[in-house]
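Grab a viewer and work through the exercises below. Try each task yourself before reading its solution.

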Amino acid sequence: MITSFIGYEVSERIATITLNRPEAANAQTSALLDDLDEAWRRAADDPEVRVIILRANGKHFSAGHDIKGVGPRAASNGNGAGPKWTLGGIYETEAKRFLEYTLRWRNIPKPSIAAVQGVCISGGLLLAWPCDLIVAADNAKFSDPVVMMGIGGVEYHGHTWEMGPRKAKEILFTGRAMTAEEAAQVGMVNRVVPLDELRPAVRELATQIAQMHPFALRQAKRAVNQTLDVQGFYAAIQSVFDIHQTGHGHALSESGLPILTLLDDMKTAIKK
Ligand code: ZN
């Protein structure tokens, strides 16, 4: 255990990181993300660890960013009139927790596997996507309904790479969830298993990979990631992060808030 939010254990060359905020569907606060980053660093630095599993306690993998708990701190305006959101503040917070963290997890030189059950919404994708492999329970649903909030997609805009351009547009335009099977069809998910077999299936896969030579695993991962980077992945992720920020800027100019839609709409989306 690292904190109450994040479980961490190592056995048989496999590090298992567990999101542990099930009462909130593993919605991500700043503290949870900082603890999660510490767990990834620990696994990366431990020479005993050859494979990393990311899983989640409870019914759902992650309902995304906890907007009350992870949002950029609005600075006081200094005259007692309450907090004032600024684009600079939003950019600073999101660049660290929603872009830098996710990219770093993606590039850790060890194979990683995400085990996803239940909902994986918006910020939840930023935890699953950086993993090299994704195994989904048959009840998993993947969505990014932030167009409902006036923004063109989550901060780390992996949709096009993960789903292909047409499916990415459909999912973004409609805000609907993809089933596990659909996610497997587009190549976003490696395999789909019954919910009660999720953890053993991921463990078995990790055990198999952990038998391989760690340097060769590192080279194989680097080869694939580097190929994507040469194709423009890194540059696209960086530039679309800035497009995302224009969404916050637009929302601020329209409403004075970082997003346009009421939080209730997000709650409704989570329940779907
Ligand atoms: Zn944002």
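What follows is a short set of tasks, each with a worked solution.

**Ground rules**

This is a predicted model, so local features need pLDDT of at least 70, side-chain atom pairs count only at pLDDT 80 or more, and totals for chains, interfaces and linings use all residues. Residues are numbered from 1 along each chain as its sequence is written, and side-chain values use heavy atoms, with hydrogens and water left out.

**Exercise 1. Get an overview of the fold.**

Step 1: Take the secondary structure, with helices (H or I, at least four residues) and strands (E, at least two) as DSSP runs numbered from the N terminus. The protein has 11 helices and 11 strands.

Step 2: Check burial, where buried means under 20% relative accessible area, exposed over 50% and partly exposed in between (1.4 Å probe, protein chains only). Of the 272 residues in the protein, 49% are buried.

Step 3: Look at contacts, meaning heavy atoms within 4.5 Å. Among those with a separation of 6 or more, 72% are between residues 24 or more positions apart.

**Exercise 2. Work out how helix α9 sits in the protein.**

Step 1: Compare its reach with the expected span, which is 1.5 Å times one less than the number of residues. Helix α9 runs over residues 214-230, and its 17 residues reach 24 Å from first C-alpha to last, close to the 24 Å expected.

Step 2: List the buried residues of α9: Leu217, Lys221 and Asn225. They share one side of α9 because they cover an arc of only 50° around the axis, the arc being that of the directions from the helix axis to the C-beta atoms. In general, an α-helix has 3.6 residues a turn, so residues three or four places apart point the same way.

Step 3: Find the partners. The buried residues of α9 pack against α3 (87-107), β6 (112-116) and α8 (198-210).

Step 4: Turn to the face of α9 pointing away from the buried side, and you'll find the exposed residues Arg222 and Val230.

Step 5: See what comes after the helix. α9 is followed by Gly232, with a positive phi near 115°.

**Exercise 3. Which residues are the protein donors of the zinc ion?**

Step 1: Collect the donors (N, O and S atoms within 2.8 Å of the metal, or 3.2 Å for Na, K and Ca; water is not among the atoms, so sites may look incomplete). They are Glu94 (OE, listed twice), Glu155 (OE), His244 (NE2) and His248 (NE2), lying 2.0 to 2.2 Å from the zinc ion.

Step 2: Read off the spacing along the chain: E-x60-E-x88-H-x3-H. Glu94 in helix α3 and His248 in helix α10 (residues 233-255) link distant parts of the chain, 154 residues apart.

Step 3: Check their burial. Both Glu94 and His248 are buried.

**Exercise 4. Describe the largest pocket.**

Step 1: Set the method. On a 1 Å grid over the protein atoms alone, a pocket is an open set of points where a 1.4 Å probe fits, with protein on both sides within 12 Å along at least five of seven lines; lining residues have an atom within 4 Å of a point.

Step 2: Get the volume, the space filled by probe spheres set on the points, with grid points joined across faces, edges and corners. The largest pocket comes to about 570 Å³.

Step 3: Go through the lining. It has 23 residues, with Cys131, Asp132, Val224, Asn225 and Leu228 nearest the centre. The largest share, six residues, comes from α9.
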